[in-house]
Amino acid sequence: MMIVVLSLLGIGMLFETLGVVGLYRFPDVYTRMHGATKCTSFGSIFICLGAIAYGILLAVEGQSVLAVLSLHVLVALLFLLVTNPVGAHAIARAAHRSGVKPKLAVVDRLEEAGK
Amino acid sequence: MIPVPAFLIASIVLGVLALACIGRAVIGPTMPDRAVAMDTVNTLVVGMLVSLGAAFNAVIYIDVAIIYALLAFVSTLFIARHLEATA
């Protein structure tokens, strides 16, 4: 059971690290947002799943009552899943409207639709 | 109960990653780059608070993480609105 918690936490940390590396390595703001937002959302999901499994483990071993830790982490995970993509979409739309263009893109459908 | 304090190590690594994101916010060439970097910092801080709460078995950290996620969402929306208005 402990190996489940540790492997979920390891997957989460791997993807958070890849997201931060992508924030440094990509060429313009849209690809940076693609790397950072998706990878950190995925990593946060797995870290929260690891914490949920750890809370269930504590409740099974009798160290806490009713797995309160797991319930609160579940609420935090739901809020994170709702708010993170909406915020990223708002920043991308604002970036395109404020005149920052994609650097290496061949087609830009939003530019064509705006005319 | 855990042989190594895995959640504590994870939260320390997440703090280091958040500091690395602030580096992108300093050198980012445009304003949306900085907004993306600070949004990433918010997500990393939520993960750090969750793993700190699991490390110390304290539910109050998780409650702080919930409120932090909601306030970070509101601030991100207002930053996006500001960027759009000052085009």
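A nonpolar core, the goal of this tour, is a set of buried Ala, Val, Leu, Ile, Met, Phe, Trp, Tyr and Cys residues joined through C-beta atoms within 7 Å. A residue is buried if 20 or more other C-beta atoms, placed from the backbone, lie within 10 Å of its own, exposed if 12 or fewer, and partly exposed in between.

Before you start clicking: this is a predicted model, in which local features need pLDDT of at least 70 and side-chain atom pairs count only at pLDDT 80 or more, while totals for chains, interfaces and linings use all residues. Residues are numbered from 1 along each chain as its sequence is written, and chains are lettered from A and ligands numbered from 1 in the order in which they are written.

**Stop 1: colour by confidence**

The model scores ipTM 0.89 and pTM 0.90. Now select chain B: its mean pLDDT (the predictor's confidence in each residue, from 0 to 100) is 90, and 94% of its residues reach 70 or more.

**Stop 2: chain A as a cartoon**

You should see four helices and zero strands, in the order α-α-α-α from the N terminus. Helices (H or I, at least four residues) and strands (E, at least two) are DSSP runs, numbered from the N terminus. Chain A is more spread out than a compact globule, because its radius of gyration is 19 Å, well over the 13 Å that the globule rule gives for 115 residues. That radius is taken over C-alpha atoms, and the rule is 2.2 Å times the number of residues to the power 0.38. Turn the C-alpha trace along its principal axes and it spans about 65 × 25 × 15 Å. Of the 115 residues, 42% count as buried.

**Stop 3: the helices of chain A**

Select H1(A). Its 24 residues should span 34 Å at 1.5 Å a residue, and its end C-alpha atoms are 35 Å apart, which agrees. The expected span is 1.5 Å times one less than the number of residues. Buried residues here include A:Leu8, A:Gly12, A:Glu16 and A:Leu23; the buried residues of H1(A) pack against H2 of chain A and against H1 and H2 of chain B.

Move on to H3(A), where 30 residues should span 44 Å and the end C-alpha atoms are indeed 44 Å apart. After H3(A) comes A:Gly99, with a positive phi near 100°.

**Stop 4: where the chains meet**

Show both chains. The contact (C-beta atoms, placed from the backbone, within 7 Å) takes 44 residues from chain A and 41 from chain B. Which helix of chain B gives the most to the side that touches chain A? Select H2(B), which gives 15 residues. By class, that side of chain B has 27 nonpolar, nine polar and five charged residues. Here Ala, Val, Leu, Ile, Met, Phe, Trp, Tyr, Cys and Pro count as nonpolar, Asp, Glu, Lys and Arg as charged, and the others, Gly among them, as polar.

**Stop 5: the core**

The largest nonpolar core has 59 residues, and those with the most contacts inside it are A:Ala51, A:Val73, A:Ala76, A:Ile91, B:Val50 and B:Ala65. H1, H2 and H3 of chain A and H1, H2 and H3 of chain B each supply at least two residues of this core.

Centre on B:Val50. Leaving aside residues up to four places away in sequence, B:Val50 touches A:Ile47, A:Cys48, A:Ala51, A:Val73, A:Ala76, B:Ile62 and B:Ala65.

Finish at A:Ile47, in helix H2 of chain A. A:Ile47 counts as buried because it has 30 C-beta neighbours inside 10 Å. Among the residues A:Ile47 touches are A:Leu9, A:Gly12, B:Ala10 and B:Val50.

Technical notes
Two residues are in contact if their C-beta atoms, placed from the backbone, lie within 7 Å.
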